[in-house]
Amino acid sequence: MEQEQFNPRTDLSALNEAVNQIRNVLGNIIIGQKQVIDFLIVGLLADGHILIEGVPGVAKTLSAKLLAKSIDAQFSRVQFTPDLMPSDVLGTPIFNTKTGDFEFRKGPIFGNIILVDEINRAPAKTQSALFEVMEERQITIDGHTYIMDEPFMVLATQNPIEQEGTYRLPEAQLDRFLFKIEIKYPSLEEETAILLAQHTLVNKTLLNEVKPVLSVQQIKEARAIIRSLFVEPKLLEFIAKIVNETRNNSSLYLGASPRASLAIAHSAKAFAAIQNRDFVTPEDIIAVAGPVLAHRILLSPEKEMEGLTTTDIIHQIIKKLKCQGRLVYIYQSTIFSLPLATTVNPFKQLTD
């Protein structure tokens with residue numbers, strides 16, 4: 001099919017320059033995780049929280065720290081442990097003997113980029129302390145409400161639930177994360193590159209030289225631009241169909257909520273923006289559908305026993321929908337292939 005060149009109606013040059021800088025900085029240190037880096041950037045621009053899952057030692061924490069270091073904003077880290085209490089995260093009133101009043105001492109949750117390390121090591125009581133702040137960007141303690149400063153982003157890491165000493169996150173809390181990113185083992189070539197980098201101490205030098213690329217004000221401006229990007233109504237219908245299929249799939253015990261539809265739409269806009277496009281294509285939707293839905297749906301016990309994963313079901317749903325309408329030519333791409341930049345303007349085919 002003949003490809004059409006397009007000229008963006010929105011100037012995304014400054015945003016893409018910053019995105020490329022972050023990609024380069026993180027890519028030099030986190031070897032072989034280009035998809036993870038792109039989704040971290042998309043989550044930041046889409047104003048969402050991210051859950052990073054992987055076995056110990058695959059650079060989950062390092063990835064989150066590097067993203068935070070590339071932003072000129074307040075960063076704090078909380079290490080979740082079995083004995084951690086909600087007040088250790090949110091803060092607690094402290095009695096001031098001089099004034100005779102209680103003063104609220106803020107916890108580490110007060111910041112712009114919050115790294116919650118090993119979130120599933122803490123019991124449900126402490127995990128639930130994040131419910132209000134992740135959704136409403138505020139906390140309420142002793143009748144007083146404290147509003148979080150913008151931007152506010154939680155980057156949480158967790159070990160697979162099969163690991164000893166972990167507590168599964170409840171569905172209500174998982175639903176508050178925009179993405180769930182799974183970090184896999186590196187390939188042989190990638191692991192060799194990691195060893196070479198460590199052997200020559202390149203990583204240590206690069207980590208110390210990481211400088212902020214985006215300011216708080218730039219992030220706010222970028223988010224405003226992304227929210228205004230164009231989405232063809234037929235693509236919004238496509239998003240709704242994907243989510244609706246999760247609710248009517250015999251392989252799933254729990255389908256996705258309308259929050260998932262909104263998450264796909266917002267993240268697809270951000271994904272299009274980092275590809276230097278001011279409109280969303282079906283490929284953008286397909287690219288973000290997996291990370292958005294994987295932690296929001298539950299397999300039926302039978303399918304779980306068969307060894308299927310939620311990613312398998314998402315792939316099946318999109319494969320089923322690809323035969324409907326004039327979106328077929330787009331769906332030849334793999335569901336999670338990155339980058340998915342395209343010079344095809346889909347609106348002409350969609351509205352024929």
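Over which residues does pLDDT stay under 50 in this model? The stretch is 325-352. The model is predicted, and the legends below take its close-up views one by one.

**View 1. Confidence varies along this predicted model.** The mean pLDDT of the protein is 83. A value of 70 or more is reached by 86% of the residues. Helix H12 (residues 258-274) has the highest confidence, with a mean of 95. Confidence is lowest in helix H16 (residues 346-351), where the mean is 37. Over residues 325-352 pLDDT stays under 50, and the model has 73 contacts beyond four places in sequence for this stretch.

**View 2. Five strands build an open parallel sheet.** The strand order is S3-S6-S9-S1-S10. Strand S3 (75-79) stands at one edge and strand S10 (179-182) at another. Each has a single partner strand, so one side of each is left without a neighbour in the sheet. From one strand to the next, the twist averages 20°. Strands of a sheet pair through backbone hydrogen bonds, in a parallel or an antiparallel sense.

**View 3. Strand S9 pairs with S6 and with S1.** S6 covers residues 113-117 and S9 residues 153-158. Four bridges link S6 and S9 in the parallel sense. Among the partners, Ile113 is matched with Met153 of S9. S1 and S9 also run parallel, joined by four bridges. Here Ile50 stands opposite Leu155 of S9.

**View 4. Strand S1 is buried on both sides.** Which residues of S1 point one way, and which the other? Ile50 and Ile52 point one way, Leu51 and Glu53 the other way. All of these residues are buried. In a regular strand, side chains alternate between the two faces of the sheet. S1 also pairs with S10, in the parallel sense and over four bridges. In that pairing Glu53 stands opposite Glu182 of S10.

**View 5. Helix H2 lies across four strands of the sheet.** H2 spans residues 34-45. The strands it lies across are S1 (50-53), S6, S9 and S10. Relative to S10, helix H2 runs at about 165°.

**View 6. Helix H3 is mostly covered.** How many of the 10 residues of H3 (residues 60-69) are buried? The count is seven. The buried residues are Lys60, Thr61, Ser63, Ala64, Leu66, Leu67 and Ala68.

**View 7. Phe104, Phe110 and Tyr146 form a cluster of linked ring pairs.** The structure holds five aromatic pairs. In one of them, the rings of Phe104 and Tyr146 have centres 4.4 Å apart and planes at 20°, so this pair is stacked. Phe104 belongs to strand S5 (residues 101-106) and Tyr146 to strand S8 (residues 144-147). The two residues are 42 residues apart, and their pair links distant parts of the chain. Why does the pair of Phe110 and Tyr146 count as edge-to-face? The ring planes stand at 85°, with the centres 6.3 Å apart; planes over 60 degrees apart count as edge-to-face. Phe110 lies in the loop between S5 and S6 and Tyr146 in strand S8, so this pair ties together parts 36 residues apart in sequence. Phe110 counts as buried at 12% relative accessibility. Tyr146 is partly exposed, with a relative accessible area of 21%.

**View 8. Arginines sit over phenylalanine rings at Phe131 and at Phe279.** Arg176 lies over the face of Phe131, 4.7 Å from the ring centre. At the ring of Phe279, the charged end of Arg277 sits 5.9 Å from the centre.

**View 9. Asn16 is buried in its surroundings.** Asn16 is found in helix H1 (residues 13-29). Its relative accessible area is 9%, which is under the 20% limit for buried residues. Beyond residues up to four places away in sequence, Asn16 touches Ala273, Ile274, Gln275 and Asn276.

**View 10. Is His266 of helix H12 buried or partly exposed?** His266 is partly exposed, with a relative accessible area of 40%. Val288 is 22 residues apart from His266 along the chain. The C-alpha atoms of His266 and Val288 are separated by 9.8 Å.

Technical notes:
Residues are numbered from 1 along each chain as its sequence is written. This is a predicted model: local features need pLDDT of at least 70, side-chain atom pairs count only at pLDDT 80 or more; totals for chains, interfaces and linings use all residues. Side-chain values use heavy atoms; hydrogens and water are left out. Two strands pair if DSSP finds at least two bridges between them. Axes are lines fitted to C-alpha atoms, for helices over the stretch in contact, and angles run from 0 to 180 degrees between N-to-C directions. Contact means heavy atoms within 4.5 Å. Buried means under 20% relative accessible area, exposed over 50%, partly exposed in between (1.4 Å probe, protein chains only). pLDDT is the predictor's confidence in each residue, from 0 to 100. Rings of Phe, Tyr and Trp (its six-membered ring) pair if their centres lie within 6.5 Å; planes under 30 degrees apart count as stacked, over 60 as edge-to-face and the rest as tilted. A charge sits over a ring if NZ of Lys or CZ of Arg is within 6 Å of the ring centre and within 35 degrees of the ring normal.
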